[in-house]
Each structure stands twice: as C-alpha cells, then as structure tokens.
Amino acid sequence: MSNTPDDRLYSKDHEWAQVEGDLVRVGLTDHAQRQLGDVVFVELPAVGDRYEAGEPFGSVESVKAVSEVYVPVTGAVVEVNAALTDSPELVNEDPYGDGWAIRLRADGPPSTDGLLDAEGYAKYVTAESDAD
C-alpha cells in the first residue's frame, strides 16, 4: 500500500492538497509518482496564474509518459517549487515533502468538494488497481 499521509486531501486525479489557512499546497501522490516511474521534467505554471478546480496546471514527464497535473481547488498560484526545475526527481523521492509542486491562494475558504481523505483515497486506489 502506498504512503498516504492523513494531514491532507486527495483528488481522483492523484494530486494531494494540504490546506494551510487560505493557502493550499499541491503535489502528486506517492501512488502517482510510482505509476509514472522516474520523473525527468516538471512543467509548472507562473505565479499569478489562476485555475478552477480540476483544470490542468502543468505536466510531469517521466521515462514512461507525459501526464498533466490538475489543481484540486480553485485559486491563484502564489508560489511554485523552483527546486523541481533542477531536480524533478524530488517528485519520486519525497512526493509529500520536497516534491510539492505549487501553492495556491484559494478564493475564500478552500472548497474541498470532491476530494477524499487519506482512507477514502487509499480505498479508491485499491479499487482502481483491482479494476485493471
């Protein structure tokens, strides 16, 4: 079973969201990075870009494929993890820590509709894997 911290919420697109007041830190889940394989390039948005929940904000390129990354909550980008430009492997090495992608400022209290808690996400991943 993948590592799924219970201090954040998860999307069915395999991103995590950690709410910190009106800021939301976003990254790829451990499950996602394992499915992708070795990450070799990460494309991130610019600070100030705005996104609606569910919109793609960037992409991750691995040795296997290029995958879009989706924003789990609506808001504006206030910070990007510049370390990923030089060290995209951080997504593999520390997906819930140094491998985070962006920080958003939500429009008011972040809407977490449609996001799963750690237990719900673990069940979703298991069901998805069983369906393959």
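The legends below describe close-up views of a predicted model.

**View 1. The open sheet and its edge strands.** Six strands make up an open sheet whose order is β1-β2-β3-β9-β8-β5, with antiparallel pairing. At the edges stand β1 (9–10) and β5 (50–51), each of which has a single partner strand, so that one side of each is left without a neighbour in the sheet. In a regular strand the side chains alternate between the two faces of the sheet.

**View 2. Strand β9 between β3 and β8.** Strand β9 (residues 102–106) pairs with β3 in the antiparallel sense over four bridges, and its pairing with strand β8 (residues 75–80), again antiparallel, runs over five bridges. On the β3 side, R25 stands opposite R103 of β9, while V24 has L104 as its bridge partner in that strand. On the β8 side, V77 stands opposite L104, so a view centred on L104 takes in V24 as a bridge partner as well as V77. Four of the five residues of β9 are buried, and the strand is therefore largely enclosed by the rest of the structure.

**View 3. The largest nonpolar core around I102.** The largest nonpolar core consists of 22 residues, and those with the most contacts inside it are L28, F57, I102 and L104. Two or more residues of this core come from each of β3, α1 (30–36), β4, β6, α3 (90–93) and β9, and the largest share, three residues, is that of β3. If residues up to four places away in sequence are not counted, I102 touches V24, R25, V26, L44, P45, F57, V77, E79 and V80. Another core, of eight residues, lies apart from the largest one and includes Y10, W16, A118 and V125. In soluble globular proteins, nonpolar side chains tend to be buried together.

**View 4. The cavity lined in part by β3, β4 and β6.** A search of the whole structure finds one cavity of 30 Å³ or more, and the volume of the largest cavity is about 70 Å³. Its lining comprises 15 residues, among which L28, V42, V60, V69 and A101 lie nearest the centre of the cavity. The elements that contribute two or more residues to this lining are β3 (23–28), β4 (39–43) and β6 (56–62), and the largest share, four residues, comes from β6. Sorted by class, the lining of the largest cavity holds 10 nonpolar, four polar and one charged residues. L28, one of the residues nearest the centre of the cavity, is also among the residues with the most contacts inside the largest nonpolar core.

**View 5. The hairpin of β6 and β7.** Strands β6 and β7 pair in the antiparallel sense over five bridges, and a hairpin joins β6 to β7 through three residues. Within this pairing, P56 stands opposite Y70 in β7. The two strands also take part in the linings of other views, since β6 gives four residues to the lining of the largest cavity, whereas β7 (66–70) supplies at least two residues of the lining of the largest pocket.

**View 6. The largest pocket and H14.** The largest pocket has a volume of about 230 Å³, and of the 16 residues that line it, D13, H14, A32, Q35 and S67 are the closest to its centre. At least two lining residues are supplied by each of α1, β7 (66–70) and α4 (118–131). By class, the lining of this pocket is made up of six nonpolar, five polar and five charged residues. H14 is located in the loop between β1 and β2 (15–20), where its phi is near 75 degrees, a positive value in a residue other than glycine. Although H14 belongs to the pocket lining, H14 is buried, with a relative accessible area of 11%.

**View 7. P88 in the loop between α2 and α3.** P88 lies in the loop that runs between α2 (83–86) and α3, and P88 is buried, its relative accessible area being 7%. Not counting residues up to four places away in sequence, P88 touches V39, V40, F41 and V42. P88 and G99 are 11 residues apart in sequence, and in space their C-alpha to C-alpha separation is 7.9 Å.

How values were computed:
Residues are numbered from 1 along each chain as its sequence is written. This is a predicted model: local features need pLDDT of at least 70, side-chain atom pairs count only at pLDDT 80 or more; totals for chains, interfaces and linings use all residues. Side-chain values use heavy atoms; hydrogens and water are left out. On a 1 Å grid over the protein atoms alone, a cavity is a set of points where a 1.4 Å probe fits but cannot get out, and a pocket is an open set with protein on both sides within 12 Å along at least five of seven lines; lining residues have an atom within 4 Å of a point. Grid points are joined across faces, edges and corners, and a volume is the space filled by probe spheres set on the points. Ala, Val, Leu, Ile, Met, Phe, Trp, Tyr, Cys and Pro count as nonpolar, Asp, Glu, Lys and Arg as charged, and the others, Gly among them, as polar. Two strands pair if DSSP finds at least two bridges between them. A nonpolar core is a set of buried Ala, Val, Leu, Ile, Met, Phe, Trp, Tyr and Cys residues joined through side-chain atoms within 4.5 Å. Buried means under 20% relative accessible area, exposed over 50%, partly exposed in between (1.4 Å probe, protein chains only). Contact means heavy atoms within 4.5 Å.
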